[in-house]
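Could we go through this structure together, one question at a time? I am happy to take it slowly.

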Amino acid sequence: MTDLELEALRERIAGPEPLLLIEAPAGYGKTHEAVLAAQRIAPTLTEGRTVLFLTHTNGAREAFNHRLKGGAAVMKTIHALAAELVELYSAPLGLPKPLDPFHGQPSFSNMITLAVKILQRRPEIALGLAVRHPVVLVDEYQDCDESQHQLVQLVADAAPTRLRLFGDDLQAIFDWDGTAVDFGSMVATHPTIHLTTPWRWRKHDAMREFVVEARRALAAGEPIDLTNPPSCVTVQRWAGQVPGPKQEGHAFECISALGACLDGDTVVLTHHNSHALGLRKKLPGRGGYHEGADHEPARILLDQVIEAEGEFQILVGLLVSAMEQWGQGMTKTYRDQVAEICTSEGVDVGTKKKIIPFSRICEQLFSEPTVTQWLRCLRQVLNGGHGIEGWKVVRGDQIYLLARLRPRPDDNVGVLLHGEARARDAVRTAPRKGFMVIHKAKGLEFDAVALPYCAGALFKNDLPSRRRMYVAISRPQRQLHFLIPADDPTPLLRAVGHSGGGRASVNTFA
Amino acid sequence: MGRNGLRAHCRRTGRAEADGGNRATGRSGQAGTLDTIRAKGWATAQPLLEHRFAVDPEDGDGLPAPGDTLDAVRRKVAGLPLEDLIRAFAVRHELPRLATGARRRTSRVQIRRVKIERYRGIEKLVWCPTPGLNCLIGPGDVGKSTVLDAIATVLSPAPSRVASEHDYLGGDVAKGFKIELLIGKLDEEVLSAWSAAPLWTWWGEKNKVQAEPDPDGEAVLCLRAQGTDDLEIAHVAIDPSQGEVPLSPSKRQKFGLSTMGSAGTAYRELRMSRGSLLSRNIGAEQLRGLITEAVQATREQFTPSKEVEGRVGELSAALRAIAPGTGDLDLAMLSPRGQNLLGMIGLFASSKEALVPLANAGLGTQQLALFTLARLLIAGSPLFVIDEIESGLEPFRQRDLIARIRGTIESDGQAFITTHSPAAVGEMAIEELHRLDPPSGGASCISALADGLETVRRSDPEALLCRVLAVVEGQTELGLLRPLLEREAEDIGTTLGALGVRLVDGSGQPKVFKVTNALIKANQRFGAFLDDEAEHKGKRAALGQLERVAFGTYSDARCLEDALSMQLAVEDLDRLIAIPASDGRDHSDARYHQVNDSFGAQSRKTLVELAADHGHGRCRELFREVANKRSWFKAPETSIVVGEFLRDHHSDIQIVRDAEHFWASLMSLIANEIPREFAG
């Protein structure tokens with residue numbers, strides 16, 4: 001694409017057309033174009049009017065915010081927009097204020113539905129929004145479900161609005177219940193701009209060619225051809241079992257092959273959280289486990305703590321449970337000993353001298369069995385006050401999130417946790433190495449990526465698997481490693497020896 | 001040079017280029033061209049664009065123009081170098097903005113409900129004004145201006161001011177005050193002030209507001225100004241969950257309130273003081289440099305007398321004695337401390353070769369000048385508030401001003417005015433009049449006047465401005481009661497006028513009931529003095545039952561003539577017949593002829609003489625019949641003499657006692673509003 005053509009495209013995006021879809025594969029600069037469009041449009045708007053940029057995640061919002069510097073646009077997640085509307089009517093709707101979506105008040109999906117209803121019953125609000133934001137940009141539109149789509153439409157239809165929807169059908173991997181918009185057919189029926197310059201690989205020609213060809217193959221329903229891969233792509237086969245959905249797994253060959261790949265900054269992408277976590281435990285020193293914005297485990301535990309307020313023994317149990325879930329080195333013996341010394345009358349150490357440090361923490365909980373005290377005890381544990389040899393944190397994202405909470409008497413701790421999680425996500429930058437699931441990696445880019453479980457059970461020959469595969473392979477800039485289980489290779493990859501079967505050998509095409 | 005320094009440098013260069021205009025490229029180039037277009041208009045900017053864009057004779061002038069489709073613009077600029085292409089598109093992007101910039105506001109907001117609590121003299125008031133003109137009337141000191149000020153306080157775009165303790169009811173600052181407006185007919189300009197407008201639902205016909213959104217009801221905003229206990233006025237919007245959203249001056253500005261200061265504030269409004277009507281009309285930028293120059297010039301011309309100079313010289317020497325480094329002292333002009341120099345500039349009008357500051361002109365001229373300035377500011381803005389519209393204006397200019405206000409608010413705006421002028425009331429439609437009465441039980445009340453009062457408005461507009469209206473049967477009672485009631489007022493050291501009691505001709509039964517019903521509907525207390533006729537007994541009885549009505553009638557007589565014939569001796573009736581009317585005309589001859597005619601005689605015998613022949617009873621009967629039939633006392637000039645006659649000579653008869661009774665009940669209606677020494 002020449003400069004002139006690119007400029008013409010950009011002018012069109014910033015131009016007066018009421019609706020424009022911007023379709024582009026991963027790494028083709030969608031976010032960049034969105035930032036540029038906001039920068040171009042903002043100075044042309046009348047005073048008091050701004051560009052509205054809607055994202056799905058706080059992470060995306062912050063990334064955009066970071067690049068846009070200077071307030072050319074108002075940035076919000078679609079949920080935040082919906083929450084703003086619902087909170088206005090929280091009293092008539094019988095909802096708490098502030099809202100508490102983590103306890104279903106309302107649930108996240110209900111939030112959007114309620115917001116849509118409010119706009120339908122009070123179209124003046126949509127009118128105000130649309131006039132205030134004559135230009136609305138939406139990121140990752142393929143991830144919108146039906147009600148999010150409706151919300152955007154209600155705003156856009158309320159007044160003459162320039163709507164710019166950025167998306168890519170092949171990256172629609174969040175369609176859990178089949179209600180996502182069909183961005184593919186939207187592209188077919190609405191004015192669309194296709195971005196054609198793969199910026200992500202401007203310094204890596206071989207990788208660019210590989211990803212472009214792989215996308216073509218996946219979109220056409222063909223397998224990716226790995227029979228003669230470029231040097232930036234390695235393919236290894238390993239013998240052993242791919243772990244089940246909830247299992248951490250211990251396929252020795254896979255781990256050793258993966259270990260050989262993990263030089264420098266490489267991110268390992270898996271299908272299940274348990275897989276990422278399992279590999280991270282077996283491969284220490286290769287980066288952390290990144291769970292993204294999810295803080296569901298912390299919330300569940302916190303809810304149990306709130307429930308158990310006043311019950312000393314249960315609170316101690318939950319403290320031990322936190323150390324067990326999110327740390328390494330808590331043994332059954334230890335757990336039993338803690339249970340033994342904590343009686344309904346208090347803490348009685350008896351002859352178990354080794355447990356004295358931990359018993360001090362228990363005593364504090366006995367004298368004040370509250371949520372605040374529990375959180376204080378958790379902080380003491382993290383500061384080394386537990387006295388348990390060899391115990392260390394594995395899931396820092398969850399345990400430190402809880403430890404940061406310092407509620408005052410009137411605070412809703414659940415909402416506090418949510419705020420804390422959001423604040424954390426806001427400052428989080430993309431990791432350079434480590435372990436995470438493909439869904440969390442969406443929108444991020446890495447130097448190198450390894451896919452350890454390229455199995456038929458996880459990547460079937462269907463559209464969701466193709467989309468997931470595309471998201472995974474389009475992340476790295478420089479290097480991509482495929483690790484294929486010999487017994488169950490995915491049909492999405494065509495590698496040498498696939499049909500061979502028998503004893504797997506490690507083939508490296510480097 | 002560090003990175004920041006470099007960036008700053010680049011930015012400066014960019015701006016310099018933009019100012020240079022032609023050489024500018026990229027974004028700064030857009031700004032240059034667009035500024036020109038904006039400043040000079042599309043037509044004059046064309047030559048500037050012409051040498052940039054190829055002209056295609058097939059396609060108009062070949063330039064991108066407002067309203068061009070994307071394709072047309074693209075065709076027009078095909079083949080241009082990139083730089084020009086960018087500019088062409090930038091111009092096109094500006095089109096929506098040019099279009100919206102010229103757009104006038106299409107609709108106007110309206111106040112649906114006013115709620116006041118503990119503000120100044122008003123403890124509690126809820127009022128639903130009507131669309132269009134709302135003219136507040138009512139006796140003095142009931143808080144008409146307070147209502148207007150309350151509205152202006154909520155919507156005033158001026159920065160939040162400090163409250164005075166007099167803004168709090170009874171000066172009780174700790175309890176705060178609250179003014180709440182429900183604003184409907186919201187236009188997009190107002191709605192877009194919020195990213196999520198906190199809208200309530202209003203049901204106009206039920207005067208009810210609800211939190212749940214409902215597309216069948218009207219969307220309204222609930223705005224509040226609250227006086228806090230630390231004398232601040234907080235402006236907030238209340239969301240449907242009772243949360244408070246701050247209401248910034250820029251948001252308040254969107255409601256387009258325009259107040260016209262009363263003539264008393266002309267001193268401030270007609271000069272360039274900060275935020276005044278004049279400065280909002282003219283803009284300070286143009287004058288700021290000029291005034292500084294003017295002051296400088298005057299400073300140079302300023303030459304004190306020799307005597308003063310000598311004294312300054314002494315000061316100079318004295319100061320140098322203790323501060324040797326000080327230079328020579330001199331006198332020069334300073335701007336007044338703590339004041340805006342611009343405030344020295346005001347509007348003048350030339351009159352007979354002299355310049356007169358408008359602020360020193362007659363009250364009426366001041367009022368009209370204020371109105372003109374306010375009106376120019378509000379072109380297209382919806383809400384207009386004017387206190388005491390009549391001040392300084394003759395009736396004909398009042399009427400003209402009202403007509404102009406109507407023109408300004410057009411069919412869909414809303415204006416709030418107060419008046420004490422009958423001429424202004426006469427100019428209003430009855431549904432535009434709203435009466436504010438003194439509070440009863442803590443709550444003040446503003447009532448719309450009902451149709452039945454239209455006749456009163458037309459015949460006696462002043463009556464609607466009085467404290468309490470006394471509707472009487474007809475001209476007979478008007479004349480009879482006025483002297484009698486005036487004497488009662490005199491007895492307590494005042495007059496009917498000072499008490500605000502006004503007698504109104506009810507034009508007989510049943511017409512009078514139209515007026516009384518309208519007064520009841522308008523929630524008014526009033527007096528009614530009616531004949532005790534055979535008909536309409538039920539209606540009179542119902543009136544007599546009402547708590548807020550002072551009811552009076554003739555005891556044991558149907559009408560005045562009936563009562564006179566029964567209560568006065570025949571000699572006194574003769575005397576009454578002989579009194580000339582208040583216009584000096586003597587009707588006695590005509591009246592005696594009419595009486596004698598009834599006996600078939602042509603003589604002019606007095607009643608006493610006739611009584612000797614026909615008996616006293618027959619004579620009295622005849623008096624009643626003839627006086628009634630021939631309307632002896634049914635004109636103001638003839639009935640008033642009856643009242644005066646009874647007042648002066650027969651203060652012990654029943655008619656007078658009936659009048660005294662009526663007076664007592666009238667006074668009990670307004671007992672708590674009149675000074676104690678009068679009430680005694």
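Below, a colleague asks and a modeller answers about this predicted model.

Colleague: Let's start with the whole of chain A: how does its radius of gyration compare with the globule rule, and what is that radius?

Modeller: Good place to begin! Chain A holds 21 helices and 17 strands. For 510 residues the globule rule gives 24 Å, and chain A comes close to that, so it is as compact as a globular protein of that length. Its radius of gyration is 26 Å.

Colleague: Which element of chain B gives the largest share of the side that touches chain A?

Modeller: Let's narrow it down. In this pairing, 33 residues of chain B are in contact with 31 residues of chain A. Two elements of chain B each give two or more residues to that side, α4 (82-102) and α6 (188-191). The largest share, eleven residues, comes from α4(B).

Colleague: Now to strand β7 of chain B: how many of its ten residues are buried?

Modeller: Its neighbours are worth a look along the way. β7(B) pairs antiparallel with β4 (residues 177-184) of chain B over seven bridges, and with β5 (residues 199-203) of chain B over four. The strand is largely enclosed by the rest of the structure, because the number of its buried residues is eight.

Colleague: And which residue of β8(B) is the bridge partner of R224(B)?

Modeller: Here we follow the chain around a turn. β7(B) and β8(B) form a hairpin with five residues between them, and five bridges join these antiparallel strands. In β8(B), the partner of R224(B) is V236(B).

How values were computed:
Residues are numbered from 1 along each chain as its sequence is written. Chains are lettered from A and ligands numbered from 1 in the order in which they are written. This is a predicted model: local features need pLDDT of at least 70, side-chain atom pairs count only at pLDDT 80 or more; totals for chains, interfaces and linings use all residues. The radius of gyration is taken over C-alpha atoms; the globule rule is 2.2 Å times the number of residues to the power 0.38. Two residues are in contact if their C-beta atoms, placed from the backbone, lie within 7 Å. A residue is buried if 20 or more other C-beta atoms lie within 10 Å of its own, exposed if 12 or fewer, and partly exposed in between; C-beta atoms are placed from the backbone. Two strands pair if DSSP finds at least two bridges between them.
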